[in-house]
Amino acid sequence: MKNIDWKNKLILAPLTKGGNLPFRRLCEHFGADITISEMAYAYKLFQGDRKEKVLLRRTSKSGVFGVQLAAENLGVAIEACQMAIDEGADFIDLNCGCPINDTVKRKMGSHLLQKPKRLAKLVEGMVRHSSIPITVKIRSGWDEKNINAIEVAKELESAGASAITLHGRTRSQRYSKKADWDLVARIVQEINIPVIGNGDILTFYEAEQKKEKSLCASLMIGRGALIKPWIFKEIKEKKSWELSTQEKIEVYSQFAESMKDYFGHDDFGIKRATPILAWHFSFLSKYHPLSKEKFEMQSKEHPLMQTRLDYPEEWNNDPLNKILSSPNEHHHWKLSEIFLNSKSPKKIEACILQLN
Ligand SMILES: Cc1cc2nc3c(=O)[nH]c(=O)nc-3n(C[C@H](O)[C@H](O)[C@H](O)COP(=O)(O)O)c2cc1C
């Protein structure tokens, strides 16, 4: 069995659509130690779905990479695990958090939290048949009346899971409440396998506070990375990196180039990359530099992820940042086209200014 060190790692969360290979590479470039694929349905892999198989591609040769699977049937899960192993995955993560109806109706994702013993059987079987570690990503529970993460975590430990990630919200809460890091701390005390804490990290100091408070082994970051992929560098260097407009343009340009390397530099490749990069701009546009002093108090009361997603008014008089931080979907498409069609920062700036 391959050994993975789960201590003090920064992990890019599994992100459907967002966790495409160019984005995972960008996060690895900025210091993500471990990346995870978008959620792949085991039954689709089993049926030979080619689109689903693409999700198994490794981020890079050297980084640690896991494939996240949604599964409920052991035989199908074992086949899917083997496909991920054949594609070079370092570990498999079982999704027990997906809240969407289609997944839950098929008895996968957060549905699995409702029957801890049945879930443990599935994980035990996957562990037995897999040559690489099996981890599990869970939520606090199905809803506020059924918070059972501690019970689930204990079952998963007994079943042989190598690590557990807790996203401290219930399925029914979605993103309406702040993530429960006290529950992360409680699970750390209850089990002996590494616990990865996840939820609401947007700054290096929130990362530090949450890790210190919960004593979790490692941190997983989702929306914080979509908004500022350089968050991994900030956490590692223990300081905010407030990007100038030029630096932002450089990062977005690097991402657009990586998209083209992946999808193709021709018209067809650009056509495929445009909606995906536009989608990323709906998150990247939320980036707004934060001064630690000004916001530290606020972040203690409310996670910055929830209070800082408003439109930054002070950029109204800055024509470049006005567009780069625009919440308007039309601007996201235009930015995507501009970055995919030009490499020159001067030309990019000129094109963005024309959108005002
Ligand atoms: C766009 C998007 C896609 C997501 N896709 C997945 C997924 O495929 N599998 C999964 O386990 N969680 C998924 N999540 C949940 C995240 O992995 C993470 O648990 C959640 O966003 C909380 O972390 P954060 O506060 O750092 O964003 C997704 C979240 C977002 C915003």
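Tutor: A polar contact is a pair of N or O atoms within 3.5 Å. Keep in mind that this is a predicted model.

Student: How far does a polar side-chain atom of N198 lie from an oxygen atom of the ligand?

Tutor: A polar contact needs a pair of N or O atoms within 3.5 Å. The pair here joins the side chain of N198 to an oxygen atom of the ligand. The distance between them is 2.6 Å.

Student: Which residue offers a polar backbone atom to an oxygen atom of the ligand?

Tutor: R223 reaches a ligand oxygen through an N or O atom of its side chain, at 2.7 Å. The protein covers 88% of the 610 Å² of accessible area that the ligand has on its own. The backbone atom in question is 2.8 Å from a ligand oxygen, and it belongs to G222.

Student: How many charged residues are in the shell around the ligand?

Tutor: The ligand sits in the largest pocket, and 18 residues surround it. Among the closest are T16, Y175 and D200. By class, the shell has seven nonpolar residues, seven polar ones and, as charged residues, four.

Student: Is G97 buried or exposed?

Tutor: G97 is in the loop between β5 (91-96) and α5 (101-105). Buried means under 20% relative accessible area. Because its relative accessibility is 13%, G97 counts as buried.

Student: Which residue follows α9?

Tutor: Helix α9 spans residues 204-214, and its buried residues include F204, Y205 and S214. The residue that follows α9 has a positive phi, near 60°. That residue is L215.

Note on methods:
Residues numbered from 1 in each chain as written. Predicted model: local features only at pLDDT ≥ 70, side-chain atom pairs only at ≥ 80, totals over all residues. Heavy atoms only, no water. Near = heavy atom within 4 Å. Polar contact = N/O pair within 3.5 Å; in protein donor to acceptor, adjacent residues only side chain to side chain. Areas by Shrake-Rupley, 256 points an atom, 1.4 Å probe, with all protein chains shown as cover. 1 Å grid on protein atoms, 1.4 Å probe; cavity = no way out; pocket = protein on both sides within 12 Å on 5 of 7 lines; lining within 4 Å. Sits in = over half its atoms within 2 Å of the grid points. Nonpolar A, V, L, I, M, F, W, Y, C, P; charged D, E, K, R; others polar. Buried < 20%, exposed > 50% of the residue type's maximum accessible area, 1.4 Å probe, protein only. Helix = DSSP H or I, 4+ residues; strand = E, 2+ residues; numbered from the N terminus.
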